[in-house]
Amino acid sequence: MIKNRYSWLDTPRLICGVMTGTSLDGIDCALVKFYKNNDSVIQFEIIDWELTEFNVTTKNTVKQIIQEPVPISLISDINVLLSHLYADSINCLLKKVQMPLSKLDAIGIHGQTVWHNPNGKDLFGHKIASTYQIGSISTLAAILNVPVIGDFRSNDIAVGGQGAPLVPIFDYSFLASNEYDTIALNIGGIANLTYIPRQCKKNDVISFDTGVGNIFIDLAANDLFDKPYDENGLFAIEGKLIYDLFDKLKKINFIYYKPPKSTGRELFNKELYNDLLKDIKDIYPPNDIIHTFTYYTAWSIAYNIRKFCNPTSRIIVSGGGALNSFLISLLKKNLPEALIIKSDDLGIPSKAKEAICFAYLACLRILEIPANITSVTGASRECILGVLALP
Ligand SMILES: Nc1ncnc2c1ncn2[C@@H]1O[C@H](COP(=O)(O)OP(=O)(O)O)[C@@H](O)[C@H]1O
Ligand SMILES: [Mg+2]
């Protein structure tokens, strides 16, 4: 556990964490109270959380920025638009809990990743590694008149890290156990995990992306059923496994790479989806196709846990994928030795977990406590993450 060095937490503080991830489903907002206990260890209490879905135009425009060459004016405008949308979501959440904006001490935003190249390239004689999350922190601070912290990844990249994952410090601080080896598994668009062997030190924590999370399932739900996602896995549960498609999926090499490893929409995207379904789509029922993608998602997560972690661990599942009961049942079948629970069972709503993490990262930034785990990101040193915009 981290001991804070500053007196900011002498009184409990309210921080709103805001997350927009690779699924592009919308804005997850969590209102979290932070305080310290008698040993000066940071504790938190979740007040409430809310998802504001993106409308189709916003979703498609952000997707366009990520996947296609677009004019810089569009990126600049959406950078500001997102902050207006973040402000609306925060206002909505505060209204829900009947709390005035003036009570909010800070906001931590992840922003929307539109570019992530931590390995870098040579550019005009310099080695340039970069990441870019849009959602202007200055705009948001000005609209709401609250300090905003964002751009959490750049510092870590500047000292040679991958700038990701950043959630492990939260997992290590709040989910570690002396009794169990613990895996915190987040199934968002991409699936990633933090492995915390019992009694491990901070720099023994392992964390990596296992591969696809909900991206293929969402693409199939959209393409074959005209839905944004497969609610509770009800379409998939009606289907059966297509061996041809599963064999093709098993050829995606990323699953077998050794950690540390990370991936995103540059690999798991519509082009790959279309390619996988070439010669298959018209032959098999839609339910079989979405079943097979769901089966593959569970299989690939289980493969990585078996190969690189301990399959008898306690696995704490979060992210929107935790709400897909069929996916979770397949995960349990693939890992019968594990104790699989949802983060909700520990009082952390699965869909809000990453937003809660970014509230925590904002808190660490204000306290000037380093938040990157160098064994996880590969950075040459620990550093304080995030940039503060004052209203
Ligand atoms: N009730 C549900 N049943 C099945 N899947 C769901 C449900 N709710 C959310 N999801 C899935 O979770 C995804 C969003 O998860 P999220 O954790 O926000 O990911 P990201 O961080 O990539 O945005 C949705 O796109 C959808 O696939
Ligand atoms: Mg999301």
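Domain bounds here come from an automatic or database domain assignment. With that in mind, the predicted model has a chain that splits into domain 1 (7-164 + 352-389) and domain 2 (168-350), and the shell around ligand 1 takes at least three residues from each of domain 1 and domain 2. That shell holds 21 residues, and the ones that come nearest to ligand 1 are Gly21, Ser23, Gly188, Asn214 and Gly320. Sorted by class, the shell around ligand 1 has 11 polar, 7 charged and 3 nonpolar residues.

Next comes the way the two domains sit together. Taken over C-alpha atoms, the centres of domain 1 and domain 2 are 24 Å apart. On the domain 1 side, 22 residues take part in the contact, and domain 2 puts in 28 residues. Three elements give two or more residues to the domain 1 side: helix H1 (56-67), helix H12 (353-366) and helix H13 (374-377). H12 has the largest share of that side, with 5 residues. In terms of class, the side of domain 1 that touches domain 2 is made up of 10 nonpolar, 9 polar and 3 charged residues.

Now for the sheets. One of them is an open sheet of 6 strands with mixed pairing, and its strands run in the order S3-S2-S1-S4-S7-S13. At its edges are strand S3 (42-53) and strand S13 (387-389), each of which pairs on one side only. Going from one strand to its neighbour, the turn averages 20 degrees, direction ignored. Within this sheet, strand S1 (residues 13-19) and strand S2 (residues 26-36) are antiparallel and share 7 bridges. One such pairing puts isoleucine 15 together with valine 32, its bridge partner in S2. Helix H12 turns up again here: H12 packs on the sheet, where it touches S1, S2, S3, strand S4 (106-109), strand S7 (148-150) and S13. The direction of H12 makes about 130 degrees with that of S1. So H12 both packs on this sheet and gives the largest share of the domain 1 side of the contact, where "share" counts residues whose C-beta atoms, placed from the backbone, lie within 7 Å of a partner.

A second open sheet has 5 strands in the order S10-S9-S8-S11-S12, and its pairing is mixed as well. Its edges are strand S10 (206-212) and S12; each has a single partner strand, so one side of each is left without a neighbour in the sheet. The twist from one strand to the next averages 20 degrees. In this sheet, strand S8 (residues 182-187) and strand S9 (residues 190-196) run antiparallel and are joined by 6 bridges, with isoleucine 187 standing opposite alanine 191 in S9. Helix H10 (residues 286-308) packs on the sheet by touching S8, S9 and S10, and its direction makes about 155 degrees with that of S10.

Elsewhere in the 5-stranded sheet, the pairing of strand S11 (residues 314-318) with strand S12 (residues 339-342) is parallel, over 4 bridges. Arginine 314 stands opposite leucine 339 in S12. Helix H11 (residues 325-334) joins in with these strands: S11, H11 and S12 make a right-handed β-α-β unit.

Then there is a hairpin. Strand S5 (residues 112-123) and strand S6 (residues 126-134) run antiparallel, joined by 8 bridges, and the bridge partner of lysine 121 in S6 is isoleucine 128. The hairpin has 2 residues between the strands, and phenylalanine 124 takes a positive phi there, near 50 degrees.

A few backbone details in the loops round off the picture. The peptide bond from alanine 164 to proline 165 is cis, with omega near -10 degrees; proline 165 has its place in the loop between helix H4 (154-158) and helix H5 (168-174). Another cis peptide bond links proline 259 to proline 260, with omega at about 5 degrees, and proline 260 is found in the loop between helix H8 (243-249) and helix H9 (270-277). Asparagine 232, a residue other than glycine, has a positive phi near 60 degrees. The loop that holds asparagine 232 lies between helix H6 (215-225) and helix H7 (234-237).

Terms used: Residues are numbered from 1 along each chain as its sequence is written. Chains are lettered from A and ligands numbered from 1 in the order in which they are written. This is a predicted model: local features need pLDDT of at least 70, side-chain atom pairs count only at pLDDT 80 or more; totals for chains, interfaces and linings use all residues. A residue is near a molecule or strand if its C-beta atom, placed from the backbone, lies within 6 Å of it. Ala, Val, Leu, Ile, Met, Phe, Trp, Tyr, Cys and Pro count as nonpolar, Asp, Glu, Lys and Arg as charged, and the others, Gly among them, as polar. Two residues are in contact if their C-beta atoms, placed from the backbone, lie within 7 Å. Two strands pair if DSSP finds at least two bridges between them. Axes are lines fitted to C-alpha atoms, for helices over the stretch in contact, and angles run from 0 to 180 degrees between N-to-C directions. A crossover is right-handed if, with the strands pointing away from the viewer, the path from the first strand over the helix to the second runs clockwise.
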